[in-house]
Amino acid sequence: MVTFLPRLPGRLADVPSFDRAIGGAESNVACTLARTGHTTRWISRVGTDGFGDHLLAAIADCGVDVRHVRRDPLRPTGVYFRTAGDRATGAHEVAYYRAGSAASAMTADGLDPAALHAGRILHLSGITAALSADCLGLLRELTTRRPGRPLLSFDVNYRPGLWRDTARARVLLDLARGADLVFVGDDEARDAWGLHGPRAIRRALPEPHTLVVKQGGAGATVFRRTREPGGRDGDAATFVPALDVDLVAATGAGDAFAAGFLSATLRGLPDRARLRHGHLWAAAALTVPGDLATPPSRPYADRLAALDDPAWERLRLAPGWTDADTSGHRPTRRYPRNERAT
């Protein structure tokens, strides 16, 4: 979508002007990964309007392959407006204009299977499932377990404004059960499914090999299925506390966390490091006003992720912290092609 960010705080009714930006869970993840050198592809549908032109140009400028994005001459590109306030407060407003958008017309038959399965990871969002019956059918098709598919990553991304009631939102639980790696906030699981706490969420989602439960300012827990002595399946749990951050805006932090975790997953890092990279990349998003932030360079993030526990817990990150790497290291344009996500 095209996102309109207010230039001043206040109600949407009172804000006189907005700045244009890009938004959308999957494209945010793809752009963030591409900015640290991973090879990424975004597959979607936009209108043939100027907003569609802007999205394709801006996302491609981040280094993302957009060649498999379809242009729809009959439907517009989706847009949304939001207030400057934190999403967690009652004053936060979001106005979605996505009904009948080009993206809402996506179907399983309209996508190239070879393009979908070219990467090591296929990342999906529950937001897409809420756009239309066709989009829900698409996600049901993609989350059906079949041999040879890439590692399937699914971010629940429950948005109450996109679902008429929580009964319908329980379909997100079914979609998550078909994924290999699931991201969900404990607040999302409580509001959409009535589940309370990471252990309860894991009991409701035993199927994914890896489950990441985001616990807001407290931190995040990853559950990973393991093989115990004697051949029985076990479940290892790892918790990493969140960082102390000078908050600018919370929008986009969940997508950045997923991108950081996926980056570390593509690199084969251990669970503790995957969570720390998720927190670091989320901190980059939390300290900028828009949905999309440039994450820290890979060497810089690696050094911070390697801190001992006391140093990690003392770390405080303020706006501009991603530019504070004085080592001379900068992210290069591309890393090996086996570090690919779609």
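## Terms and model

A residue is called buried when its relative accessible area is under 20%, exposed when it is over 50%, and partly exposed in between (1.4 Å probe, protein chains only). This is a predicted model, in which local features need pLDDT of at least 70 and side-chain atom pairs count only at pLDDT 80 or more, while totals for chains, interfaces and linings use all residues. Residues are numbered from 1 along each chain as its sequence is written, and side-chain values use heavy atoms, with hydrogens and water left out.

## An exposed loop residue

Let's start with Ala306, found in the loop between helix H12 (298-305) and helix H13 (309-314). Helices (H or I, at least four residues) and strands (E, at least two) are DSSP runs, numbered from the N terminus. With a relative accessibility of 61%, Ala306 counts as exposed. Its C-alpha atom is 7.6 Å from that of Ala273, although the two residues are 33 apart along the chain.

## Helix H11

Helix H11 covers residues 271-286. Of its 16 residues, 15 are buried, so the helix is mostly covered. At 1.5 Å a residue, H11 should span 22 Å (1.5 Å times one less than the number of residues). The end C-alpha atoms of H11 are 22 Å apart, in agreement with that expectation.

## Helix H10 and its packing with H1

H10 is mostly covered too, with 13 of its 14 residues buried. Its expected span at 1.5 Å a residue is 20 Å, and its end C-alpha atoms are indeed 20 Å apart. Just after H10 comes Gly268, with a positive phi of about 75°.

Helix H1 (residues 25-34) packs against H10 (residues 253-266) at an angle of about 45°, and their axes are 9 Å apart. That angle makes H1 oblique to H10; angles under 35 degrees count as roughly parallel, over 145 as roughly antiparallel, 65 to 115 as roughly perpendicular and the rest as oblique. On the H1 side, Ala25, Asn28, Val29, Thr32 and Leu33 meet Asp255, Ala258, Ala259, Leu262 and Ser263 of H10, where contact means heavy atoms within 4.5 Å. The residues of this contact divide into 6 nonpolar, 3 polar and 1 charged.

## A buried serine

Where does Ser44 lie? Ser44 sits in the loop between strand S3 (39-40) and strand S4 (45-47). At 9% relative accessibility, Ser44 counts as buried. Leaving aside residues up to four places away in sequence, Ser44 touches His68, Val69, Arg70, Ala103 and Met106.

How values were computed: Axes are lines fitted to C-alpha atoms, for helices over the stretch in contact, and angles run from 0 to 180 degrees between N-to-C directions. Ala, Val, Leu, Ile, Met, Phe, Trp, Tyr, Cys and Pro count as nonpolar, Asp, Glu, Lys and Arg as charged, and the others, Gly among them, as polar.
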